[in-house]
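Visitor: I would like to learn how to read a protein model from its computed features. Could you walk me through one?

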Amino acid sequence: GTTEEVLVLQHDVSAGKKLQASDVVTQQITAGEGRADVISRSELDQVAGQWLVSDVPAGTILTDTMVSQAPEPKPGSSLVSVPIQPSRLPVTELHAGQNVRLVVGVTNTQGAPQSSGLNLTPGQSWTARVANIGALNDDGTQTVGLIVPTADAPDVAAIGISDAATLVVDSATDEDEDSTTPSEDTEPSSS
C-alpha cells in the first residue's frame with residue numbers, strides 16, 4: 001500500500017514547551033492508517049516553534065490537536081485541573097483539544113452535590129476544552145486539565161473539589177474544530 005511520512009516525538013516533551021525540529025523524527029505509516037489529523041513530514045516547518053498543549057511521550061505520532069500557535073492558556077482563559085471519578089468520564093478516549101462540558105452531578109443520598117457551602121445545582125454545566133489528561137490519582141480519580149473562560153475558573157475548580165464533576169463529550173462541529181478557546185458564554189447553563 002501507499003505510505004506517508006509523519007512526525008513522531010523522539011523523546012518526552014512536556015506541555016507548554018515549544019516544539020523544536022530536533023524533538024521529532026519521521027516515521028513511515030500506511031496511508032490512511034493513522035488519524036486524519038496526523039502531522040506529515042512536509043508540515044515540519046509550520047509546526048516547529050508551536051507550543052505543545054499537553055504532555056506527549058516519546059514515540060507518539062504528532063497530531064494537530066497536540067500543538068497550538070500560542071501557549072496555553074490564552075488571554076481570557078484559565079487552565080484548571082479537575083479530578084474526576086472514572087465512572088463520570090466518557091467511555092471514549094479523551095484527547096487534548098477536545099471540546100467538553102463539565103456537568104454537576106449528584107454525589108450523596110440527599111440528592112445534592114457535596115459542596116462545602118458552594119452553590120452547585122445538579123445539571124449545571126460549563127463548556128471547556130481538554131488541555132491534558134493526567135495519570136490516575138491514588139484515590140482512583142483521573143485528573144483532567146481543562147481550558148475554561150477565566151470567569152468560570154473558580155466555579156470549575158469548586159466542582160472538582162466537590163467530587164460532583166461529570167465530563168460530557170459533545171459532537172464536534174466545524175466551529176469547534178477551528179475554535180482555540182472555549183465558549184464565550186460564561187453563565188452556567190442548566191438542563
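Guide: Let us begin with the surface. This is a predicted model, and the accessible surface of its protein chain comes to about 10,300 Å². Carbon and sulfur atoms hold 48% of that area.

Visitor: What percentage of the residues count as buried?

Guide: Of the 191 residues in the protein chain, 38% count as buried.

Visitor: Which elements make up the chain, and in what order do they run?

Guide: There are 3 helices and 9 strands. Starting at the N terminus, the order is β-β-α-β-β-β-β-β-β-α-β-α. As for contacts with a separation of 6 or more, 69% of them link residues that sit 24 or more positions apart.

Visitor: In what order do the strands of the open sheet lie?

Guide: Read across the sheet rather than along the chain. Here 5 strands form an open sheet, ordered β5-β8-β7-β6-β9, with antiparallel pairing. Its edges are β5 and β9, each of which pairs on one side only. On average, neighbouring strands are turned by 45° against each other, ignoring direction.

Visitor: How many bridges join β6 to β7?

Guide: These two antiparallel strands are joined by 5 bridges. For one residue to look up in your viewer, try N99: its bridge partner in β7 is R129. A helix belongs in this picture as well. Helix α2 packs on the sheet and touches β5, β6, β7, β8 and β9. The direction of α2 makes about 10° with that of β5.

Visitor: Now the interior. What is the general idea behind a nonpolar core?

Guide: In soluble globular proteins, nonpolar side chains tend to be buried together. In this model, the largest nonpolar core has 21 residues. The residues with the most contacts inside this core are V82, I84, L102, V144, L146 and L167. At least two core residues come from each of β5 (77-84), β6, β7 (125-136), β8 (142-149), α2 (153-162) and β9. Apart from this core lies another one, of 12 residues, including V13, L19, V56 and L62.

Visitor: Which residues does L102 touch, leaving aside those up to four places away in sequence?

Guide: Among the residues that L102 touches are V82, I84, L146 and L167, which also appear in the list of core residues with the most contacts. L102 touches Q124, S125, W126, V156, I159, A165 and T166 too.

Visitor: Let us turn to charges. How do I read a salt bridge?

Guide: Side chains of opposite charge can pair when their charged atoms come close. The cut-off used here is 4 Å between a side-chain nitrogen of Lys or Arg and a carboxyl oxygen of Asp or Glu. By that rule the model has 2 salt bridges.

Visitor: Which parts of the chain does the pair E5 and R41 tie together?

Guide: The side chains of E5 and R41 meet at 3.9 Å, N to O. Because E5 lies in strand β1 (residues 3-9) and R41 in the loop between β2 (24-30) and α1 (44-47), the pair ties together parts 36 residues apart in sequence. E5 is partly exposed, at 30% relative accessible area, and R41 is partly exposed at 49%.

Visitor: And where do D170 and R101 lie?

Guide: Their salt bridge has an N to O distance of 2.8 Å. D170 is in the loop between β9 (165-169) and α3 (174-178), while R101 is in strand β6 (residues 99-104), so this pair ties together parts 69 residues apart in sequence. D170 has a relative accessible area of 33% and is partly exposed; R101, at 30%, is partly exposed as well.

Key. Residues numbered from 1 in each chain as written. Predicted model: local features only at pLDDT ≥ 70, side-chain atom pairs only at ≥ 80, totals over all residues. Heavy atoms only, no water. Helix = DSSP H or I, 4+ residues; strand = E, 2+ residues; numbered from the N terminus. Buried < 20%, exposed > 50% of the residue type's maximum accessible area, 1.4 Å probe, protein only. Contact = heavy atoms within 4.5 Å. Areas by Shrake-Rupley, 256 points an atom, 1.4 Å probe, with all protein chains shown as cover. Core = buried A, V, L, I, M, F, W, Y, C linked by side-chain atoms within 4.5 Å. Pairing = 2+ DSSP bridges. Axes fitted to C-alpha atoms, helices over the stretch in contact; angles between N-to-C directions.
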